[in-house]
Amino acid sequence: MAQAKTNAMRILDAKKIHYEVLTYENKDGKIDGLSVAEKIGRNLKEVYKTLVTQGASKNLYVFVIPVAE
């Protein structure tokens, strides 16, 4: 089955920017950034939440936020 892509992934694909997709178990309901960092074995300083929004101007805005924040 093909993986569903996020808006951030679509933007990276369009710009031909390489990225790595890491998956983790989410049935336990622990999907906050701190739990995810632990599940994928990464330091909190290496894990970010990416948010993509569209403003009234129709411009897209990408926010990259450290999960520990």
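**Notebook: a hairpin and a nonpolar patch**

I started with confidence, since this is a predicted model. The protein chain averages a pLDDT of 92, and 97% of the residues score at least 70. Next I went through the elements: helix 2 (residues 33–39) has the highest mean pLDDT, at 95, and strand 1 (residues 48–54) has the lowest, at 91. A reminder to self: where pLDDT is low, the predicted coordinates should not be read in detail.

**The strands**

How do strand 1 and strand 2 run? I found them antiparallel, joined by seven bridges. Then I picked out a couple of pairs. Val52 has Val62 in strand 2 as its bridge partner, and Gln54 sits opposite Leu60, also in strand 2.

I looked at the turn as well. The two strands make a hairpin, with five residues between them. Lys58 lies in that turn, and I noted its positive phi of about 75°.

**The patch**

Which residues form the nonpolar patch on the surface? I wrote down Leu51, Tyr61, Phe63 and Ile65, which together have about 340 Å² of accessible area. Strand 2 (residues 60–66) gives the most to this patch, with three residues. I also jotted down a general point: in a regular strand, the side chains alternate between the two faces of the sheet.

Last stop, Tyr61, which I located in strand 2. Why does Tyr61 count as partly exposed? Its relative accessible area is 39%, and partly exposed means between 20% and 50%, so the label fits. Patch residues need over 30%, so Tyr61 clears that cut-off too.

Conventions
Residues numbered from 1 in each chain as written. Predicted model: local features only at pLDDT ≥ 70, side-chain atom pairs only at ≥ 80, totals over all residues. Heavy atoms only, no water. pLDDT = per-residue confidence, 0-100. Helix = DSSP H or I, 4+ residues; strand = E, 2+ residues; numbered from the N terminus. Patch = residues over 30% accessible without salt bridge, like charges linked within 9 Å, V, L, I, M, F, W, Y side chains within 5 Å. Areas by Shrake-Rupley, 256 points an atom, 1.4 Å probe, with all protein chains shown as cover. Salt bridge = Lys/Arg side-chain N within 4 Å of Asp/Glu carboxyl O. Buried < 20%, exposed > 50% of the residue type's maximum accessible area, 1.4 Å probe, protein only. Pairing = 2+ DSSP bridges.
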